[in-house]
Amino acid sequence: MAKKDDDVATVTSSEKSEKTEKREKMHQKLKSKMKKLKKSKSATDKDLACQCEPCKKQALEMAAGGQPQGATAGQPDQNFDYMFKLLIIGNSSVGKTSFLFRYCDDSFTSAFVSTVGIDFKVKTVFRGDKRVKLQIWDTAGQERYRTITTAYYRGAMGFILMYDITNEESFNSVQDWCTQIKTYSWENAQVVLVGNKCDMDAERVVSMERGRQLADQLGLEFFETSAKENINVKAVFEKLVEIICDKMAESLDKDPQQQPKGQKLEANATQKPAQQQCNC
């Protein structure tokens, strides 16, 4: 009897191994395909996403602000009081990915690799006696990825809207990005305007004063930062978490029965509210 059980266990393990190997081969083919399509303007959303069932399910969960498939209770990153979904948005090559890596990993590389679709990292911080888990999404800036990235706006409580101080076009696009936030995000989403690459002052084309004036016009907090020199990177996230927490506190003061939005992000978080408002 014991031998039969061992045989069944061996077969089951072998089947799982074959499935895992098959899925890994599929992912390797996808990575190769994405490299070829990266410079192609004809790339579609379907071309840039894995079509296996586990990946489809995980993408849907993560777009709703949920946990990646496979995360289980008891893991260290599950111990938190609040979870905030944050997005870094802006034109391509303004430094969004470097900004994210500097904050989460304290690392920087000068090599430029354009983000394909969307990626994210998780970092846990403390606000008073509360443990706050930040789910920070790095979005592709190219127009052809817009239909993918805007799907992730839903459920986001905060946005870092970034431009490059050495690129006038990225600064002029700030208004358009604000419109995207108003259209696709939750009401009262908090936004911080960031002028990145302030270490490249010799190549500056957008003055700090112009950035501050635009932020005042849009009603946003404003910072100039450098991911390379680690200038104001942490301060941006701390300020965004602060204003989100303050907004939550205001809402609770007005309605003590209201559940804080940042406490847990449920699967139904993809539903779009009737009216969209943000600080843009």
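## A strand with two covered sides

Which residues of β5 are buried on one side, and which on the other? In this predicted model, one face of β5 holds Gln190, Val192, Val194 and Asn196, while the other holds Val191, Leu193 and Gly195. Both faces are covered, and the residues named on each are all buried.

This way of dividing a strand follows a simple pattern. In a regular strand the side chains alternate between the two faces of the sheet.

Taking strand β5 (residues 190–196) from end to end, seven of its seven residues are buried, so β5 is largely enclosed by the rest of the structure.

## The neighbours of β5

Let's see what β5 pairs with. Strand β4 (residues 158–164) runs parallel to β5, and seven bridges link the pair. If you would like a spot to look for, find Tyr163, which sits opposite Gly195 of β5.

β5 also pairs with strand β6 (residues 221–224), again in the parallel sense, through four bridges. Here Val194 has Phe223 of β6 as its bridge partner.

## Two helices that meet

Now for a pair of helices. Helix α6 (residues 174–184) and helix α7 (residues 208–218) have axes that come within 12 Å and cross at roughly 30°. An angle under 35 degrees counts as roughly parallel, and α6 and α7 are therefore roughly parallel to each other. Their crossing is right-handed.

From α6, the residues making the contact are Val174, Gln175 and Cys178; from α7, they are Leu214, Gln217 and Leu218. Sorted by character, the residues of this contact comprise four nonpolar, two polar and no charged.

Methods:
Residues are numbered from 1 along each chain as its sequence is written. This is a predicted model: local features need pLDDT of at least 70, side-chain atom pairs count only at pLDDT 80 or more; totals for chains, interfaces and linings use all residues. Side-chain values use heavy atoms; hydrogens and water are left out. Axes are lines fitted to C-alpha atoms, for helices over the stretch in contact, and angles run from 0 to 180 degrees between N-to-C directions. Angles under 35 degrees count as roughly parallel, over 145 as roughly antiparallel, 65 to 115 as roughly perpendicular and the rest as oblique. A crossing is left-handed if the near helix is turned anticlockwise from the far one by less than a right angle, and right-handed if clockwise. Contact means heavy atoms within 4.5 Å. Ala, Val, Leu, Ile, Met, Phe, Trp, Tyr, Cys and Pro count as nonpolar, Asp, Glu, Lys and Arg as charged, and the others, Gly among them, as polar. Buried means under 20% relative accessible area, exposed over 50%, partly exposed in between (1.4 Å probe, protein chains only). Two strands pair if DSSP finds at least two bridges between them.
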